[in-house]
Amino acid sequence: AYEVDYLNGYVLEEILNSNTEGLNPADYEILKLYQYEENINQLEDTAIINYDVLLTNCLQNYMQHINKGKLNPKIIYPDWDLKPKSIDVNNILFEAYKTEKFISLFEKIKPKQPVYQNLKTALKILDALPEDYFKPIKLGVKKKISPKDTNPLLIPIKKRLMYWNYLPKKDTITKLYDAKTQLAIKEFQSNHGLQPD
């Protein structure tokens with residue numbers, strides 16, 4: 001029983017942390033799974049079977065999503081002509097249980113491409129930023145702020161850069177677009193997939 005509980009716990013932890021892979025743990029019934037696991041010793045046989053089926057289904061979905069993505073690219077791009085990946089989830093799970101190499105299972109099926117790794121790094125950076133509910137700052141039609149310009153809009157811009165830790169919070173806020181602010185803007189642009197210009 002200990003081994004099964006350990007494996008269940010490992011699977012639940014992987015699903016719980018699926019947000020680090022750009023997925024949503026709620027899509028895999030994570031709350032319901034944890035409720036089953038926390039009450040495992042009091043569950044009746046029917047509930048244990050339901051838990052096992054739910055856990056297996058959620059794990060299969062997670063493995064499919066982590067390996068080949070959640071969206072069908074042909075729906076978004078009608079001219080998409082790359083052949084989709086296919087994996088035999090059931091066979092992989094069976095092999096993992098049989099060889100007792102369950103822990104390395106997830107690492108084997110996760111994408112290894114540098115683009116995917118860079119996206120995970122960017123997601124980590126974005127998740128570390130504080131939540132915000134700011135209204136957009138509007139510069140006006142075709143207006144641009146260049147280095148060494150002064151503009152009253154630089155005050156709210158600098159406040160947001162400080163809030164997101166791109167500028168030190170102890171800095172004095174002025175209307176001047178100085179070199180330090182320019183570097184902070186470029187870092188912000190780079191972290192958000194924009195041309196750092």
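Ser-18 lies in the loop between α1 and α2. In this predicted model, Ser-18 has a relative accessible area of 0% and is therefore buried. Beyond residues up to four places away in sequence, Ser-18 touches Leu-23, Asn-24, Pro-25, Tyr-28 and Tyr-62. Glu-29 is found in the loop between α1 and α2 as well. With a relative accessible area of 38%, Glu-29 is partly exposed. The backbone at Glu-29 has a phi near 55°, a positive value in a residue other than glycine.

The protein as a whole is built from helices. Nine helices are present, and the number of strands is zero. Read along the sequence, the pattern is α-α-α-α-α-α-α-α-α. The C-alpha trace spans about 70 × 45 × 25 Å along its principal axes. The radius of gyration is 24 Å, whereas a compact globule of 197 residues would have a value near 16 Å. Buried residues account for 27% of the 197 residues. Among contacts with a separation of 6 or more, 54% join residues 24 or more positions apart.

The surface and the charges were also examined. The accessible surface comes to about 14200 Å², and carbon and sulfur atoms contribute 56% of that area. The protein carries 27 positive and 26 negative charges. The mean positions of these two sets are 15 Å apart.

In soluble globular proteins, nonpolar side chains tend to be buried together. The largest nonpolar core here holds 26 residues. Within this core, Ile-15, Leu-33, Tyr-51, Tyr-62, Met-63 and Phe-106 touch the most other members. Two or more core residues come from each of α1 (2-16), α2 (30-38), α3 (45-68), α5 (89-99) and α6 (105-109). The most come from α3, which gives nine residues. Ile-15 illustrates the contacts involved. Setting aside residues up to four places away in sequence, Ile-15 touches Pro-25, Tyr-28, Ile-30, Leu-33, Cys-58 and Tyr-62. Apart from the largest core lies another core, of 12 residues. Its members include Leu-161, Met-162, Tyr-166 and Ala-184.

Phe-188 is placed in helix α9, residues 179-191. Its contacts, leaving aside neighbours within four places in sequence, are with Leu-161, Trp-164 and Tyr-166. Of these, Leu-161 and Tyr-166 are among the members of the 12-residue core. Phe-188 has 22% relative accessibility, so it counts as partly exposed; the buried class requires under 20%. Phe-188 and Glu-38 are 150 residues apart along the chain, and their C-alpha atoms are separated by 42 Å.

Two further loop residues were considered. Asn-165 is found in the loop between α8 and α9. Its phi is positive, at about 70°, although Asn-165 is not a glycine. At 53% relative accessibility, Asn-165 counts as exposed. Lys-143 is found in the loop between α7 (114-128) and α8 (154-163). Lys-143 also counts as exposed, because its relative accessibility is 59%. From Lys-143 to Pro-168 the separation is 25 residues in sequence and 27 Å in space, C-alpha to C-alpha.

Notes. Residues are numbered from 1 along each chain as its sequence is written. This is a predicted model: local features need pLDDT of at least 70, side-chain atom pairs count only at pLDDT 80 or more; totals for chains, interfaces and linings use all residues. Side-chain values use heavy atoms; hydrogens and water are left out. Helices (H or I, at least four residues) and strands (E, at least two) are DSSP runs, numbered from the N terminus. The radius of gyration is taken over C-alpha atoms; the globule rule is 2.2 Å times the number of residues to the power 0.38. Buried means under 20% relative accessible area, exposed over 50%, partly exposed in between (1.4 Å probe, protein chains only). Contact means heavy atoms within 4.5 Å. Accessible areas come from the Shrake-Rupley method with a 1.4 Å probe; for residues, only the protein chains shown count as cover. Lys and Arg count as positive and Asp and Glu as negative; His and the chain ends are not counted. The place of a charge is taken as NZ of Lys, CZ of Arg, CG of Asp or CD of Glu. A nonpolar core is a set of buried Ala, Val, Leu, Ile, Met, Phe, Trp, Tyr and Cys residues joined through side-chain atoms within 4.5 Å.
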